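Trainee: Could you walk me through this one? I would like to learn how the descriptive words are earned.

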Amino acid sequence: MVEHVSRTPVIIDVVIIGGGPAGLSAATELKRLGIDQVVVLERENQAGGIPRHCGHPPFGMREFTRVMTGPRYARKLVKAAELAGVDIRISTTVVEARPGGSLLIATDQGAQEITARRVVYATGVRETPRSARLISGTRPPGVLSTGSLQSMVYLNKHKPFDRPVIIGSELVSFSSIQTCRHAGISPVAMVEETGSAIARWPTPLYARVTGVPLFTDTRLSAIKGHDNIVAVVVENAQGERREIACDGVILTGRFTPESSLSSCGHLLVDVATGGPVVDQFGRCSDPVYFAAGNVLRPVETAGWSWNEGRQAAHRVSQDLLGKLPSSATERRITLANSLIKYCMPQVLSFPHHRLSMKYLQLRFTRHATGILSMSDDTGTLWKRAMTVFPERRVLVPLRRVVDGCQTGSIQAKFEERSP
């Protein structure tokens, strides 16, 4: 319970909420651009984000031109920010984000109110827990997310099971195989609901190389066991069920942005992405707030998030100088069919600016072949024939859409055709 709130107003140039790759790169770049006061607020007792828990490569190729493990990569990001003069405040939780950049924060010393000229959300993502996946069966211990597994193995040196089943086939699912191998754990199977692995080729080869059978068109139906997990029940597309003996379950992927601050506050949140609604500058519905990294949409790599943080720094820096287009002139992007899972950014501000995002990022709910198009009330702005896959990024040149748009809302549409 908060017992004391400091009433002395503290005004900071830029506050960044979240000390992962996006937040730390944004902070470091803001200092390089000459912003005087840059503060990173991190609720954990160490900054660095999810990579701190990933004791395996590959991290750092884009950022440091070398391959390194997650913990080493996280330390490099923190060190770079500290050398740049960033004020990193760990064990600090933002309790409430208010209009105009006013923040209520909680620390070991109590609560404090601070105000920032600009705020950057960089709070990242979290995996969907069992409760949200509607998995039936008993509830014995031994059901873990990838993040929990990595914390146990790399931070606590604990081996939670010997022969688990991995649910999912996103990039993080194959990362869980690496974590298991590090701890001497031998996964007995990987289960994926769709017709093929979600991670891009050749990543799925890693399961074959390590001897983990991958079952596609198969879903987890139930978990069996009382004091311990003894098996899972899986069901294929034909409705056939089978048991797989195991002693653990790793629920991977199905990420959702860690956007509770915005969803419980005053910012508009996009139902499709789970993150805040932003324009092509990463600017939220309250223009004092920006967003960068995986809070924008689930989920990209650490390197991608790091680069988004750097780009956000340039936009925030220019916005502080009053050099970004006003957010008052904007048009919403609508999705014409449910095959398109989401589009980010969700709104476009006019006119085009050199610091705009280069692409609209779209993802799809399933595998399909057809024509993706962007249009306004006057006609088609852009279109392309393509094959799409679930959870794989599709990029649309944003400038083509902005320069061609004349009136009305902008619609994203996918016309499915036979392959």
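Mentor: Gladly. Let us start with a cut-off: buried means under 20% relative accessible area. Keep in mind, too, that this is a predicted model.

Trainee: Why is Cys284 called buried?

Mentor: The relative accessible area of Cys284 is 6%. Buried means under 20%, so Cys284 is buried.

Trainee: And what makes Cys54 buried or exposed?

Mentor: Cys54 has 6% relative accessibility, and with the cut-off at under 20%, Cys54 therefore counts as buried.

Trainee: How do you know that Cys54 is in no disulfide?

Mentor: A disulfide needs two cysteine sulfur atoms within 2.5 Å. For Cys54, the nearest cysteine sulfur belongs to Cys180 and is 13 Å away. The structure as a whole holds zero disulfides.

Trainee: Let us turn to helices. Why are H5 and H6 called roughly parallel?

Mentor: Helix H5 covers residues 146-155 and helix H6 covers residues 171-182; their axes cross at roughly 25° and come within 10 Å. Angles under 35 degrees count as roughly parallel, so that is the term for H5 and H6. The crossing in which H5 passes H6 is left-handed.

Trainee: Which residues make that contact?

Mentor: From H5 come Thr146, Leu149, Gln150, Val153 and Tyr154, while H6 brings Val172, Ser175, Ser176, Gln178, Thr179, Cys180 and His182. By type, the contact of H5 with H6 has five nonpolar, seven polar and no charged residues.

Trainee: What makes Lys157 worth pointing out?

Mentor: Most residues other than glycine have a negative phi. Lys157 is not a glycine, yet its phi is positive, about 55°. Lys157 sits in the loop between H5 and strand E10 (164-167).

Trainee: Is Lys157 buried or exposed?

Mentor: Its relative accessibility is 66%. Exposed means over 50%, so Lys157 counts as exposed.

Trainee: Why is Asp217 called partly exposed?

Mentor: Asp217 has 37% relative accessibility. Partly exposed covers the range between under 20% and over 50%, so the term suits Asp217. Asp217 is also a residue other than glycine with a positive phi, near 50°, and it is found in the loop between strand E12 (214-215) and strand E13 (218-225).

Trainee: Where are there cis peptide bonds?

Mentor: One joins Pro298 and Val299, with omega about -15°; Val299 is in the loop between strand E18 (289-291) and helix H9 (302-320). Another joins Phe350 and Pro351, with omega about 0°.

Conventions: Residues numbered from 1 in each chain as written. Predicted model: local features only at pLDDT ≥ 70, side-chain atom pairs only at ≥ 80, totals over all residues. Heavy atoms only, no water. Axes fitted to C-alpha atoms, helices over the stretch in contact; angles between N-to-C directions. Helix = DSSP H or I, 4+ residues; strand = E, 2+ residues; numbered from the N terminus. Parallel < 35°, antiparallel > 145°, perpendicular 65-115°, else oblique. Left-handed = near helix turned anticlockwise from the far one by under 90°. Contact = heavy atoms within 4.5 Å. Nonpolar A, V, L, I, M, F, W, Y, C, P; charged D, E, K, R; others polar. Buried < 20%, exposed > 50% of the residue type's maximum accessible area, 1.4 Å probe, protein only.
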